[in-house]
2 protein chains.
Amino acid sequence: MSLLTVGSVAFDAIETPFGKTDKIIGGAGTYIALAASFYNNEQSIVSVVGEDFPRAILDELEAKNVNLDGLQIKAGEKTFFWSGKYHNDMNSRDTLVTELNVLEHFDPIIPESYQGVEYLMLGNLSPQVQAQVIERLDTRPKLIAMDTMNFWMDIALDDLKKTISMVDILIINDEEARQLSGEYSLVKASKVIRAMGPKYLIIKKGEHGALLFHHDSVFYAPALPLEEVFDPTGAGDTFAGGFMGFIASTGDVSFENMKRAIINGSALASFCVEKFGTERLMTISREDLDSRIDEFVALTNFDMVHVIG
Amino acid sequence: MSLLTVGSVAFDAIETPFGKTDKIIGGAGTYIALAASFYNNEQSIVSVVGEDFPRAILDELEAKNVNLDGLQIKAGEKTFFWSGKYHNDMNSRDTLVTELNVLEHFDPIIPESYQGVEYLMLGNLSPQVQAQVIERLDTRPKLIAMDTMNFWMDIALDDLKKTISMVDILIINDEEARQLSGEYSLVKASKVIRAMGPKYLIIKKGEHGALLFHHDSVFYAPALPLEEVFDPTGAGDTFAGGFMGFIASTGDVSFENMKRAIINGSALASFCVEKFGTERLMTISREDLDSRIDEFVALTNFDMVHVIG
C-alpha cells in the first residue's frame, strides 16, 4: 500500500557516555522512512532540507524506494540542525543547539502524485504543519498516526489539540502522555487523551516497552532487554516507522494487527539504539529483522496451560 | 508439594496519597503465605511474633492451611513494627519507624515436622537468618528462592553474598539489582548477580513488569496497567508467594513453568496494591485470580503469523 511520511530530514550532533559524533544524518522523517523501508509499500515523504544536505543520502533513500518528490531542497538555506547530550542513565538529555533553518517557514507542499495516499505518518513537527498536510490531502487516508513532543504542549497546546483531534493514532512517550493529560496513571492518561479524538493511543516507555490502548483493550509489548543502549536518538521515530510500515504493508488496521506492528516497531527500535544515529538501520537486513522479531516472541511468549496439582 | 516460607509476620502503619492506616497486619512472611495459599500445597512458616499479635490472624492463616508449628510467639515481647509513607509517584517511600522487637534476636527454629520440605521461600530478613534456615534443613529443598533488600547490601554485604550463593533463585527489584551488581544495565547486572551463585534471577520492575534470566534466556512479563495503585506495600512479597506457590503446586521447576509462575505472581500482586495491606488478598477468590490471569494473557498475547504483502 502507499505510505506518506511527514517529518524532518536533518543533521544531528550527539554526545552519549559512549562517545560523540560530528554532524550526522538525523531527523524524524529520516528514521521513519528508513524503518518503514523494511516493508513493501509505495513510500513517499514530505520534508525540506537546505542546499548543504548531501545528495548521497537522498540517493540512498531513493534506493530504498522512498519517493522524494515532496522533499524540498531550499537553495541558499541550511538544513535543520539539532545537537544534544545524553545523561548517564540515557533516559534524559539536554538540548545543546537547535537551529531551525529551513524548518522555520516550512510550507508542506503535497505533490499531485501523492494524492490518494492510504497511510499517513506525521512525525514530530509543528502541529500547524501536521494539520496542513491532512487538510491538503484530497481524500482522508485510511489511517493517520501522529507523533509529537513536550515542546509543542508548552508553546502551542491549542494547535496541538486541534491536530490530535484529526488523527486515528497518537504515538507518544510516557512523560508526554502525563503532561498532555495531567494524569500520572497511564491508564487514566489514556482515557483523557483518547477523549481528545484518537481512537488508538500508543505510549512508548523506552526500555520498559510500549502500551497500546483502544476502547477497553490494552496490549503491553516489552522492550528487548539490552546490554547497552549506545544512542537512543531516533528510537521513537524508528518505532513509529516500523509500526506504520508494517500496518501499511499488510493493509490491516485491526487491533490484533497493531500488536504485530508494535512488535515490528520495537524490533527495529532495538537495532536503532545499538549505534550512533541511523548507522545500524542502514546496515541491517530483512533477515536480521526477522531474527530479532523471533527474539521478541521468545521473550514474551508463555502458555498458561498446565495441569495444577 | 510442601512449601516453607521464612519471613516476618508483623504490624505496619502505612501512609499513601490515598489515606493512612493505623497498625495493620503486614510482614513479608504474611504476604508470601497468603499469596501461596491460592495453590494446593502443604504450607508452613518459620517466623516470630510478640504476645501482642492477634490470635485471630493466626487462625486465619491456619484456616488457609498454613502450618504454624514454626511460628514462635514470644511472651512479654512485641511484634516487629514498620511504618512508612509513600511519595506521590508511589515508586519511592520514606521509612518513618522501624521497631525490630522480636526480630532483633530471632533464632529460626525448624520444627522436626518441617524436615524434608521440597520448596523454600526465604522472604526478606537478615541474610544470617536466611542462611541458618538452609543450614538447619537436613536435606536441601528442590528449589530455594530468596528475596532481600538494599538495607542488607549496605550493612551486611558479605553475609548477603554468602546466602545468595546458597540459593537457586534470587528475586529482587531493579534498584536492588543495580546496587548489588554495580551495573546500570539490567542485562549486565543479571550476569554479575548470577555469577554469585543463583542460576535464576527475577528482577521486579513494579509497574513495568518483571524479568526472568536463566543462562541465555530472558522472559519479560508485563505488569497489568492499573488506574490506581492504592498501596504498594507487600506487592513484591505477594509476587514471590504466588510464584513459589505455583511452582510448588505444579512440582515443575522448568523455565517454561517459571514463566507461568511469574504470571501468577504478577496477577496476585496486581490485586495486592488495590487496597491497604493484606485486605484485598484476604477477600479474593480462586475465580478472581483465574480471571485476572486471563487479563494478563489478553494483555500480552500476540500472534506474529500474518501474511505480509
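Two strands count as paired when DSSP finds at least two bridges between them. With that in mind, let us walk through this predicted model, starting at one end of a sheet in chain B.

**The two hairpins**

β13(B) and β14(B) form a hairpin with 2 residues between them, and H215(B) in the turn has a positive phi of about 45°. The two strands run antiparallel over 5 bridges, and one opposing pair to look for is L212(B) with F219(B) in β14(B). On the other flank, β12(B) and β13(B) make a hairpin too, with 5 residues between them. Here the turn residue with a positive phi, of about 60°, is G206(B). These strands are likewise antiparallel, joined by 5 bridges, and I203(B) faces L211(B) in β13(B). Is β13(B) mostly covered or mostly open? Mostly covered: of the 5 residues in this strand (210-214), 4 are buried.

The strand pairs described in this report can be set side by side:

| Strand pair | Sense | Bridges | Facing residues |
|---|---|---|---|
| β13(B) and β14(B) | antiparallel | 5 bridges | L212(B) and F219(B) |
| β12(B) and β13(B) | antiparallel | 5 bridges | I203(B) and L211(B) |
| β10(B) and β11(B) | parallel | 3 bridges | A145(B) and I169(B) |
| β1(A) and β5(A) | parallel | 5 bridges | T5(A) and I45(A) |

**The sheet as a whole**

Stepping back, the hairpin strands belong to an open sheet of 9 strands in chain B, ordered β6-β5-β1-β9-β10-β11-β12-β13-β14, with mixed pairing. β6 (66-74) and β14 of chain B are the edge strands; each has a single partner, so one side of each lacks a neighbour in the sheet. On average, neighbouring strands are turned by 15° against each other, direction ignored.

Further along the sheet, β10 (residues 143-147) and β11 (residues 169-173) of chain B are parallel and share 3 bridges. Helix α6 (residues 174-181) of chain B packs on the sheet, where α6 touches β11 and β12 (200-204) of chain B. The direction of α6 makes about 110° with that of β11(B).

Chain A has an open, mixed sheet of 9 strands in the order β6-β5-β1-β9-β10-β11-β12-β13-β14. In chain A, β1 (residues 2-6) pairs with β5 (residues 42-50) in the parallel sense over 5 bridges, and T5(A) has I45(A) as its bridge partner.

**A residue at the heart of the core**

Which residues touch the most other members of the largest nonpolar core? They are A145(A) and A145(B), in a core of 184 residues. A145(B) stands opposite I169(B) in β11(B). Beyond its neighbours within four places in sequence, A145(B) has contacts that include M121(B), L122(B), V167(B), I171(B), A240(B) and M244(B).

**How the chains meet**

A rotation of 180° with 0.0 Å of shift along its axis superposes chain B on chain A, with an RMSD of 0.0 Å. This is the relation of a two-fold axis. Both copies use the same surface, as 100% of the contact residues of chain B recur in chain A. Within chain B, the C-alpha of H208(B) comes closest to the rotation axis, at 2.9 Å.

The contact takes 35 residues from chain B and 36 residues from chain A. On the chain B side, the elements giving two or more residues are α7 (186-194), β14 (217-221), α8 (235-250), α9 (255-272) and α11 (286-300). By class, this side of chain B has 17 nonpolar, 11 polar and 7 charged residues. Thus β14(B), an edge strand of the sheet, also gives residues to the contact with chain A.

Terms used: Residues are numbered from 1 along each chain as its sequence is written. Chains are lettered from A and ligands numbered from 1 in the order in which they are written. This is a predicted model: local features need pLDDT of at least 70, side-chain atom pairs count only at pLDDT 80 or more; totals for chains, interfaces and linings use all residues. Two residues are in contact if their C-beta atoms, placed from the backbone, lie within 7 Å. Ala, Val, Leu, Ile, Met, Phe, Trp, Tyr, Cys and Pro count as nonpolar, Asp, Glu, Lys and Arg as charged, and the others, Gly among them, as polar. Axes are lines fitted to C-alpha atoms, for helices over the stretch in contact, and angles run from 0 to 180 degrees between N-to-C directions. Copies are superposed by least squares on the C-alpha atoms of residues with pLDDT of at least 70 in both. A nonpolar core is a set of buried Ala, Val, Leu, Ile, Met, Phe, Trp, Tyr and Cys residues joined through C-beta atoms within 7 Å. A residue is buried if 20 or more other C-beta atoms lie within 10 Å of its own, exposed if 12 or fewer, and partly exposed in between; C-beta atoms are placed from the backbone.
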